[in-house]
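Work through the exercises below with the sequence and the coordinates at hand. Each task is followed by a solution in steps.

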Amino acid sequence: MRPALVFSLFLCLLLALDGALFVDGLNRRKAEDATLAQLEVATSGLGLTDLAVATEARYTRHPAVSDAVAPFMDHPGAIEHFPTGAFWLPPQR
Amino acid sequence: MAQTNFEKQINILDYALSSLWRHRMKSLSILLVFAAVIFLLASFQMVTQALSDKAKQVLAYTPEITLQKMSAGRQEAIPLAYKDKLAGIFGIRRVVPRIWGYYFDEVLLANYTVMGMDVEEMPEGSRLDTALASGKMPTPDEQGRVVIGHSVKKALDLEGRTTFSFFRPDLSLKTFTVSGEFSRSTDILTNDLIVMNLPDARDLYSIPAGKVTDLCVYVANPKEIDTIARKISEALPGVRVLTRPQIQKTYQVVFGWRSGFGSICLLSALAAFVILAWDKASGLSPEERREIAILKVLGWETSDILAVRFWESVIVSGLACMVGMTAAHIHVVYFAASLFRPVLMGWSVLRPDLHLLPRMEAGDILLILAFTVIPYLAATVIPAWRSATVPADSALGG
């Protein structure tokens, strides 16, 4: 078998895997859209302002309503020491 | 003519594949390193994009204006009397007071978010029961009853009981009864939440009567948010005014390449490419020069040799791109970005189950291609051209 043909078959296999992931992604998207109504009710019913991703520090739990200097407000001489602080940019407004 | 050219390219592709196979250990190691770099970049792009997307979807329903009192650069309790000062501003539909704070559990080292408000005053407040997996929201006259998020239930080990106690600032205990639990599908918002009535929150934090932590302001016409926010700032100078567009904007910029972790991903990718490009640009090995010389002696033209090198680069970088991006998708969707979780959630004790669903667009794919495949193509074809233009006899040492 020609090397180009073997390579094409391998490429087709990879594309088939990507296609399967794409179809599964569409199904997951549908399931996620079904829960969107609950998220909307929770946000507006409680007046939420942030995603609950990192709960270790005030400023990463609620970056939208925190000051850019909040990481340094814990005590005099405090430095930003929480690991999640590395993932988030300070809010810009 | 086109048929002949196609056949020629297929033959060259065959030769390029055989050449890669001959140096399979070297080709495989380049492919794996390359795929790992693309995996890192694509995973970061997918995680941040999925989180920004989710924020954009759900934060469209956040209060139009949130007011917080600032003193000495810090947030402090806001007097309820400020509500009366807002009464004169035309366009404000409703002002809802709220007590909103954190409770640090010193035994579990967990941080809970506590919210106290009269939910019936909030928009959609009457429909909040639909966001619960079990139970119901406490009515304003039900004291000591709370609705909790999934991780709070797990952390407090509330499987077989419905009551728990928190310490007030004076270290006396306040007991709560769980009246409901938020649905798991709202975890991304409610995972660490404990929602209660305003008097209960006031009692827990010992906040004096007549004060709350913030005021949620709802306006009649969303187009007037900025105008009303400006009027509020003028009427209440010591108050921080946060508008819905500002909150939404925060989440569109908060995850970015300029964050510490994003920079590390980007810099490690760039460093890998600099090493790769330096290795390639420093010239071909004597063996490779010899191979090119033999091909030229056999009648190959410079353009054919360049085509071989081009195909080799396309195969290695294209395959690495596909493998890296597929692996990144699997990592983010099926393993909930488990490699990034130690940084994304840090020392958080309460961790939501992230169900991330990235929506890769052509622009995102192009960004990753631009950072990876294109520099690699450039780094490999240029030295090949330099070498291919060398006369065959000198390369063979003749």
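**Exercise 1.** In which helix of chain B is B:Phe261 found? Determine also whether B:Phe261 is buried or exposed, and list its contacts outside the sequence neighbourhood.

*Solution.* Before starting, note that this is a predicted model, in which local features need a pLDDT of at least 70 and side-chain atom pairs count only at pLDDT 80 or more, while totals for chains, interfaces and linings use all residues. Residues are numbered from 1 along each chain as its sequence is written, and chains are lettered from A and ligands numbered from 1 in the order in which they are written.

Step 1. B:Phe261 belongs to helix H9 (residues 260-281) of chain B. Helices (H or I, at least four residues) and strands (E, at least two) are DSSP runs, numbered from the N terminus.

Step 2. Burial is decided by counting other C-beta atoms, placed from the backbone, within 10 Å of the residue's own: 20 or more is buried, 12 or fewer is exposed, and in between is partly exposed. B:Phe261 is buried because it has 21 C-beta neighbours inside 10 Å.

Step 3. Two residues are in contact if their C-beta atoms, placed from the backbone, lie within 7 Å. Leaving aside neighbours within four places in sequence, B:Phe261 contacts A:Ala86, A:Phe87 and B:Val343.

Step 4. B:Ile92 lies 169 residues from B:Phe261 in sequence, and their C-alpha atoms are 41 Å apart.

**Exercise 2.** Place B:Lys231 in its helix and classify its exposure.

*Solution.* Step 1. B:Lys231 sits in helix H7 (residues 225-235) of chain B.

Step 2. B:Lys231 has 18 other C-beta atoms within 10 Å, so it is partly exposed.

Step 3. B:Ile89 is 142 residues away from B:Lys231 along the chain, yet 7.3 Å separate their C-alpha atoms.

**Exercise 3.** Which strands of chain B pair with strand E4 (residues 92-105)? Give the sense and the number of bridges for each pair.

*Solution.* Step 1. Two strands pair if DSSP finds at least two bridges between them.

Step 2. E4(B) and strand E12 (residues 214-219) of chain B run antiparallel and are joined by 6 bridges. In this pair B:Arg98 stands opposite B:Asp214 of E12(B).

Step 3. With strand E5 (residues 110-116) of chain B, E4(B) forms an antiparallel pair over 7 bridges. Here B:Ile99 has B:Gly116 as its bridge partner.

Step 4. The hairpin of E4(B) and E5(B) has 4 residues between the strands, and B:Leu109 takes a positive phi near 60° in it.

**Exercise 4.** Describe the division of chain B into domains and the contact between them.

*Solution.* Step 1. Domain bounds come from an automatic or database domain assignment. Domain 1 of chain B covers 8-57 + 255-395, and domain 2 covers 92-219.

Step 2. The C-alpha centres of these two domains of chain B are 49 Å apart.

Step 3. Domain 1 of chain B gives 6 residues to the contact and domain 2 of chain B gives 10.

Step 4. For classes, Ala, Val, Leu, Ile, Met, Phe, Trp, Tyr, Cys and Pro count as nonpolar, Asp, Glu, Lys and Arg as charged, and the others, Gly among them, as polar. The side of domain 1 of chain B that touches domain 2 of chain B has 3 nonpolar, no polar and 3 charged residues.

**Exercise 5.** How many residues does each chain give to the contact between chain A and chain B?

*Solution.* Step 1. Chain A gives 48 residues and chain B gives 65.

Step 2. On the side of chain A, helix H1 (3-46) and helix H2 (58-61) are the elements that give two or more residues. H1(A) has the largest share, 22 residues.

Step 3. By class, this side of chain A divides into 27 nonpolar, 11 polar and 10 charged residues.

**Exercise 6.** Compare the radius of gyration of each chain with the value for a compact globule.

*Solution.* Step 1. The radius of gyration is taken over C-alpha atoms, and the globule rule is 2.2 Å times the number of residues to the power 0.38.

Step 2. For the 398 residues of chain B the rule gives a radius near 21 Å, but chain B has 31 Å.

Step 3. For the 93 residues of chain A the rule gives a radius near 12 Å, but chain A has 23 Å.
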